[in-house]
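The following paragraphs lead the reader through one protein model, beginning with a single residue and ending with the whole chain. Please keep the sequence and the structure in view while reading.

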Amino acid sequence: MRFSESWLREWVNPPVDSRTLADQLSMAGLEVDSVTAAAPAFSGVRVGLVTHVEPHPDAVKLRVCTVDVAAAAPLQIICGAANVTAGQRVPVATIGAVLPGDLKIKRAKLRGVESFGMICSAVELGLAETSNGILPLPAGAPIGADFRAWLGLDDVCIAVDLTPDRGDCLSIAGLAREVAAINRVHLTPVAATPVAPATDAHFPVRLEAPTACPRYACRIIRGIDPSAETPLWMRERLRRGGVRSISPVVDVTNYVMLELGQPMHGFDLGRLDQEIRVRLAEAREQLTLLNGDDIVLRPDTLVIADAAGPVALAGIMGGSRTAVADDTRDILLESAFFAPAQIAGKARAYGLHTDSSHRFERGVDPGLQVQAIERATELLLDCVGGQPGPVVNVLALDHLPHQAPLTLRTARCAQILGLDIPAETIADLLVRLGMDLEPVAGGWRVTPPSARFDLVHEVDLIADVGRIHGYERIPVSHTSSAAVTKGTPEAAFDLDRARLLLVDRGFQEVITYSFVSPELQARIEPGTEPLVLANPISADLSVMRLSLWSGLLHTARYNQARQQERVRIFETGLRFRPGRDGLRQEAVIGGLVIGSVDAEQWGQPVRPADFFALKADVEALLALGTVGGVAGSGFHFVPACHPALHPGQSALIERDGRQVGLMGMLHPTLAAELDLNGDAFLFEVEQAALATGTLPRFTPISRFPAIRRDLAIVVDAAVAFGDIAACVRSSASELLRDLVLFDVYAGGNIDSGRKSLALGLILQASSQTLTDQTVDETIARVLDRLTSEFGARLRD
């Protein structure tokens, strides 16, 4: 919301300067975004009267003007503007004037004729970006007056960046109420005097969607002057409010919107058919908007229609068919209340954002519509004349919002704010904010004004008291309780340490959106329905992610498109999965690897990443906070089948029998669809599964020598080494200190479908030196178990 300070001071004039006023607004929760001058610096410009105009003797496009600026003698000025005429009052830059851009006006001679100044356009004065000639001034402009002072250009424009709950301050009226309360000064609102009807002309209105539009007010004004222009003072206020002047009818509706906060619209009455119908759009209806866009309406869109079809997007933008044109003589003024929930998101859905939608989405005062009609009528009659009809005010009272009374307790106010504010001060602040108070035991029953949609609970009233009283007045207090320091459990999972570990292993951390493309999500997790966003920022980011893989794959594709063939990335964040009790938000760690294991170097050949290289990275992550590595932490890798992964290179990650993660190679078909070069390997692990670690315990070092025995066994190719290792450890009992797999072979001398595993068993006792007999018995026991459970045999 951008506004002119001088306009605000017509409503309320606190004894503070512009900077202090801006600071007060920011401290009251209405953050000031900028404070800028209403016009660029210039001097020496006076109001002049063009008394005579004649053609230049030696230039077709130039005119010789005689201009009265209340000086000793009239000035002769050469002007090239086509719209200069005798009898006009115009801004004149006299000799010695300095215009924006440090342009100094000097005596000049144009085609042999002397010129003693310059008649200025709005562009030359920095008041507009474009113009069609000089700036004509009203007939009442005082001749010889300083133009800058007369138009009040030593003004500032203040832009406030309001939060969505403060739609009541999107107007001069709302801001003035806040400033008056902050400074405890009198508020002088502009009186909207009811305009007596000059005719009985009225237009029928039907509310066919009363929930979405419970109030619709309108008025016919006949016989306006289509050649009239918007007064300069109004155009200036619109400009300082960031609104472009268009035509008197449009300018008046925009002016009332800035002044009172009620968006309005003007229809060409002659182009409306029979009646106004406020209804939801019908399937496949079309509408051409004022900006020229042709849109197909959705059934959930509220429209203003006549008997022939839609004429406006309710609360957003009017249609071109009934727009006020240069030949319009009769108009219908509209002022309505639209439910915020009905308008919210609709403008964005059609690629629009207007001042009207901005206000209706946040909530407009449901009691303001008739007042706005009366104010707009008064201004229009002054600008373009005409004969107004009676105000038609159609209501659906059951659907109008009503502010429920709230109870405010003085004790609760003191408890929340930490400050004892006198009861009379609290009451005065609330009354100045437009609230009705009824004393009750220990406080008041407060009825907020209809514009304050944000006041729902007692704490909302207390927040209002605090911000208007002044947060800077709340004293600083320190707790008197003893501080308790809690240490982090030694075995607790440290996410920062996990990040550093992955970085040390060559990964780079990325941060991606939590909302992703539904098409990519469906490829990765077919059959699982994600949460669909009600108001997505784009169609490509319209569902919540079921895993981190969507963002990681998108990032990998982005990097490969920029000649980065080696990609090692990870991310920590939330995934959003449906569950029996609703949506589950789970913290996970995910990673992706494409390309070589190590960066290119001379010391070793390039080794492409594979399943086991990624498994080593995952095992290092799982081993954090545990003793004895993955084997001693309860984690296991189990062959798995996932639609997004290669069926032969994927594994579930389990801990104590519960699935806590997944890893594997991206399915080649999916990799081709995503235009990824090379094999991509992914993993994802729940952070909760890593949270429980184990503390180290002292184990005495044996004083007796260890003995190593190597075995080469042949088993079926489908037998997993993890099952072999578990069998060996259970059968070798406490004598086994370590088990090493140092060779895997399948080929010549090995039957088809079989493989050879070379195992190194390291045996050691803690109380004696092992004898050959004990070692042989242990190895025999291991071989017997391997033979009985897996059909293993010693390799020849």
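Leaving aside its neighbours within four places in sequence, with which residues is leucine 8 in contact? In this predicted model, leucine 8 touches Phe3, Leu21, Ile172, Leu175, Ala176 and Val179, once neighbours within four places in sequence are set aside.

Leucine 8 also has a place in a wider grouping. The largest nonpolar core holds 49 residues, and among these Phe3 and Leu8 touch the most other members. The greatest contribution to this core comes from helix 10, residues 369–384, which supplies seven residues. A second core, separate from this one, consists of 41 residues, including Ala201, Tyr216, Leu269 and Leu272.

From these cores the view may widen to the protein as a whole. Its secondary structure comprises 20 helices and 39 strands. The radius of gyration is 40 Å, whereas the globule rule gives 28 Å for 796 residues; the protein is therefore more spread out than a compact globule. Along the principal axes, the C-alpha atoms fill a box of roughly 130 × 80 × 60 Å.

Of the 796 residues, 48% count as buried. Contacts between residues at least 6 apart in sequence join, in 69% of cases, residues at least 24 apart.

The surface and the charges complete the description. The accessible surface comes to about 38600 Å², and carbon and sulfur atoms account for 52% of this area. There are 74 positive and 95 negative side chains, and the centres of these two sets lie 2 Å apart.

Notes
Residues numbered from 1 in each chain as written. Predicted model: local features only at pLDDT ≥ 70, side-chain atom pairs only at ≥ 80, totals over all residues. Heavy atoms only, no water. Helix = DSSP H or I, 4+ residues; strand = E, 2+ residues; numbered from the N terminus. Rg over C-alpha atoms; globule rule 2.2 N^0.38 Å. Buried < 20%, exposed > 50% of the residue type's maximum accessible area, 1.4 Å probe, protein only. Contact = heavy atoms within 4.5 Å. Areas by Shrake-Rupley, 256 points an atom, 1.4 Å probe, with all protein chains shown as cover. Lys, Arg positive; Asp, Glu negative; His and termini not counted. Charge placed at Lys NZ, Arg CZ, Asp CG, Glu CD. Core = buried A, V, L, I, M, F, W, Y, C linked by side-chain atoms within 4.5 Å.
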